[in-house]
Every structure is written in structure tokens, then in C-alpha cells.
Amino acid sequence: MGALPVYRWRLAPDGYATRRQLRAQGLRPGGQDVAAQLERPRRRRGPLVAYLYRVDLALPVRPMTPARRAALAKANAARRICPECRRDAGYVISAALGTCVPCAYPDPHGSDGSTR
């Protein structure tokens with residue numbers, strides 16, 4: 001495969017779209033290679049690059065199946081369980097903290113962190 005065609009920001013021809021633009025149309029790249037790229041110049045740094053795919057080769061998004069929905073729900077639930085205290089935090093635990101807020105910042109006065 002030769003070099004990719006490069007277009008300036010907002011100057012790509014019709015028939016090309018980014019992944020997000022394809023998704024907004026209910027499409028996905030479907031295994032096709034990147035067809036072109038956009039470059040947005042920036043001061044004092046390299047350009048921002050966005051990869052483009054051909055819309056005519058894109059495939060419809062696969063439908064959400066019950067098994068896929070269940071697997072996604074299970075994965076999201078696992079992200080809410082604190083690995084230290086094993087409680088459901090009620091929110092997705094930050095990767096930076098690694099634990100729920102009460103475990104990451106224990107109360108020096110011995111409170112369990114509840115507001116009651």
C-alpha cells in the first residue's frame with residue numbers, strides 16, 4: 001500500500017468519514033484499512049491527525065445482543081466494586097485512585113464515611 005492521501009482540516013472530499021462520523025451514521029469501518037488522513041496544524045507541536053475511512057465500504061453496526069448486553073452490564077458492575085472493601089461504590093472507581101473514595105482517603109476520626 002502506498003502513502004495515504006493527506007487532507008487539511010475540513011477539506012476532505014465527500015465519501016470519507018472518521019470512526020465517530022461513521023458511528024453517527026450507524027456504520028463501522030468493517031475491517032477496511034485507513035483510506036486517508038486529515039491533519040490540523042497546531043502551533044509549536046505536530047499536527048493533530050484524524051484517520052478517514054471510505055463510507056461506501058463501511059458496514060452497518062452490529063446489533064446489541066442479549067448476551068453482549070449482559071457481558072457489558074457485568075463489566076460495568078465490576079468497575080464499581082472497590083477491591084479493598086468489596087462494596088459497591090455507586091460510581092465507577094477512578095483508575096487513578098484504584099479504590100473507592102472512603103478507602104483512598106480514610107477519615108482520621110474513625111467515621112465510615114457515611115453522611116448519617
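A salt bridge here is a side-chain nitrogen of Lys or Arg within 4 Å of a carboxyl oxygen of Asp or Glu. The model is predicted: local features need pLDDT of at least 70, side-chain atom pairs count only at pLDDT 80 or more, and totals for chains, interfaces and linings use all residues. Residues are numbered from 1 along each chain as its sequence is written, and side-chain values use heavy atoms, without hydrogens and water.

**Exercise 1.** Find the salt bridges and state how exposed each partner is.

*Solution.*
- Step 1. The whole structure holds two salt bridges.
- Step 2. Asp56 pairs with Arg54, the closest N and O atoms being 2.7 Å apart.
- Step 3. Asp88 pairs with Arg80, at 3.2 Å between the closest N and O atoms.
- Step 4. Apply the classes: buried is under 20% relative accessible area, exposed over 50%, partly exposed in between (1.4 Å probe, protein chains only).
- Step 5. Asp56 is exposed at 57%. Arg54 is partly exposed at 33%.
- Step 6. Asp88 is partly exposed at 47%, and Arg80 is partly exposed at 29%.

**Exercise 2.** Describe how strands E4 and E5 pair.

*Solution.*
- Step 1. Strands are DSSP runs (E, at least two residues), numbered from the N terminus. Two strands pair if DSSP finds at least two bridges between them.
- Step 2. E4 (residues 36-42) and E5 (residues 45-54) run antiparallel, joined by six bridges.
- Step 3. One bridge links Arg40 to Leu48 in E5.

**Exercise 3.** Place Tyr53 among its surroundings.

*Solution.*
- Step 1. Contact means heavy atoms within 4.5 Å.
- Step 2. Beyond its neighbours within four places in sequence, Tyr53 touches residues including Gly15, Pro29 and Val34.

Technical notes
Helix = DSSP H or I, 4+ residues; strand = E, 2+ residues; numbered from the N terminus.
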